[in-house]
Amino acid sequence: MASTITDLPAELIEAVLIVSATSGNPNSIAALSQTSKFFYHLIYRCPDQHLWREIFLTTFDDPRPALNNLSTISGGHPNFDAHKFDWKQEYTDRISAASYIRHPPPLVQTTASVCSQREVPTSSSVVKALLSVIATSTPFPSSPPVSLTILTDFFESDSPLAPMINSSPLPPLLLMLNAGYSSLLESVNVNWLQELLEIGLPPELTRTLLATLSIDVQGHSPPRPALTSASHWEGSEVGHLFHKLVCCTGFIPISAPAPELADPFTPESPGPELAPADLPVPGAWFAQSASPSASPDSAAPDEDEDEDEPRSLPPLPISRPRPSLYTAEEQFADARTLARRRVYDMRYLSPARMWGPFQPIQRDTNDYSNQLEYSEDDDDDDDDLGLMSGMNRRSDLSPPIEPYEVVPDYVWLASARIVVEANLREVFRRSPEPDASSMGDILPYIRKMHTTCVGGSPGYWNAWVDRPGNGEGGSKDNEKSKQGEVEGWDWAGVGGIWKRCVCWLDYRELLGKYSLFLAPERFLEDGMQEACRIIPMAIRITGYSESPIPPGSTARPLPTIHIEGESIGSDRSLDDLRKITGKVRMIGDGAILWSLVSSATGSSEPEWSSEAVQIGGPGAAVGFLGMWTGAQHERPDPLGPFWAWKVA
């Protein structure tokens, strides 16, 4: 009797499957499983996960080092238990997400519901998979062969403020990436995700970041661009996750047609307009006015369908000549408009949001302090007058908000990144530096996924090496604090020199010309000017206090870190010295919260407060995004976005 492939030892067949994944053919594994019950059970019904672990590691980083770091910080939260990592599910989710982004499902026009013959991932599952890739990327090495600050110039000076003033304006990791040191971070995840992001994110999600441009996506309902502070996905899981992803990646415009398929006609002879079916934009087409009605989700074609017959799409009123569809520059500008609309909305502030970029927390519905949320239609003049009247609007919730209740509002934080990054591009574009290593050339590296990996900021791992319970000795910061006599260590990489990019609108314009009560459409006008200033900060740890245990958990998060320091510069002078106090702690969603208060110049009286959230992994070079506002929380207090990163 002739031998068949099923007669081969299972170990050899598994080796073939692993080689298939290594060679970039993951779909061949699923194809083989469909040929017989033998292969199906071998692949999907194996008694343990050894096969899928090996398949996973052919394409992605080992997630266990990153998960162990997160587990330590969270006090052993089950979401970060490396022993419960589902290798098969994570691998299939990531491969499906990549396939969805590279090859969106085709549109099938029909008047009845159509079911797909293959499982198509949802937008939510795609974003979850990409966030998982970021969260489980290999941490930056604790003992790299080359120091992160090797390219940073340090000028000798007797001034105690010299380290703040003379330090690099951008994270040292960006200088290294610009100089070609990316191989120091041996992360497969980073390279895989960076290549995928060159294509973009799902267009049905990206278009919700635009203020006025209308982009129709096959199989999805028509968009309704609007200058609103609320997200199209308000309150949904996909909205929360997508904007969290944008905090890490920045705004990525929807891909234009491939260069070889772009308009072949010269500007002098533009030729005919292309029909929507001719636009090689994955899963999307463009329109300036009303779009056709929603279509059902994509489905596999029927067997009787003529595959050679082109699928027809509804005619769209494309009035703009080719190739003048929405360019990347137009999309960047439109996304910036909507982001500005959100980050400068003075009605956003409330005690239910803890005066920061957080989702509102509900208490007793009869408590007036919990009813400060507003409606987009609530534009009466009385509110505007009350906003400018100088009334104190502070009304803290009772009982007080616990850290584990606080969840970041990633819609606001993603808008903050879009605004600050756009302002930074303008600042460094104006730089007179002529050489190739000017800040204008280095800034784009902040969009590299290397910056989101755990421990990419200078000195992050120093405290981890000497932390309590990790061998002999101890960090110099392992002291008992006056705030509760708790032993701790710098688990968040707090101590050091930071640069903080703060943005704001002129106060008179914020209350007048750009008042959201008076004329929100003013944000569409050309010539809108923001102030943008990079302010150095020196942060020192003063002690630690005990963090509360979240309900349903038996593990206590790491201690709250209490800090103090100084910053140089203000809206009035580059030389103003301000005192800083604050704390860093774990909050809901596994996020790290920074709460800072800065004093008035030459005084100890608090003037400004800031609430911010770490982006990427703990100690990531990308730093933290947040909101500043008045420390007293009075009615006319302004607000604005900022972005901070560690430089030494």
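Reader: Which residues make the nonpolar surface patch of about 330 Å²?

Author: Ile 5, Leu 8, Leu 12 and Val 16 make that patch. Keep in mind that this is a predicted model.

Reader: Why is Leu 8 called partly exposed?

Author: Leu 8 has a relative accessible area of 36%. Buried means under 20%, and exposed means over 50%. The value of 36% lies in between, so Leu 8 is partly exposed.

Reader: What makes Leu 8 eligible for a patch?

Author: A patch residue needs over 30% relative accessible area and no salt bridge. Leu 8 has 36%, and Leu is among the nonpolar side chains that count. Leu 8 is found in the segment before α1 (10-22).

Reader: Why is strand β5 called mostly covered?

Author: Strand β5 spans residues 560-568, and 8 of its 9 residues are buried. Each of those 8 therefore has under 20% relative accessible area.

Reader: How do you know that β4 and β5 pair?

Author: Pairing needs at least two bridges. Strand β4 (residues 531-545) and β5 have 8 bridges, so they pair, in the antiparallel sense. Ser 545 stands opposite Thr 560 in β5.

Reader: What makes β5 and β6 a pair?

Author: The cut-off is again at least two bridges. β5 and strand β6 (residues 577-586) have 8, antiparallel, so they pair. Here Glu 564 stands opposite Thr 581 in β6.

Reader: How many helices and strands are in the protein chain, and what share of its residues is buried?

Author: The chain has 18 helices and 10 strands. Of its 648 residues, 50% count as buried.

Notes:
Residues are numbered from 1 along each chain as its sequence is written. This is a predicted model: local features need pLDDT of at least 70, side-chain atom pairs count only at pLDDT 80 or more; totals for chains, interfaces and linings use all residues. Side-chain values use heavy atoms; hydrogens and water are left out. Patches are made of residues with over 30% relative accessible area and no salt bridge: like charges are joined within 9 Å, nonpolar side chains (Val, Leu, Ile, Met, Phe, Trp, Tyr) within 5 Å. Accessible areas come from the Shrake-Rupley method with a 1.4 Å probe; for residues, only the protein chains shown count as cover. A salt bridge is a side-chain nitrogen of Lys or Arg within 4 Å of a carboxyl oxygen of Asp or Glu. Helices (H or I, at least four residues) and strands (E, at least two) are DSSP runs, numbered from the N terminus. Buried means under 20% relative accessible area, exposed over 50%, partly exposed in between (1.4 Å probe, protein chains only).
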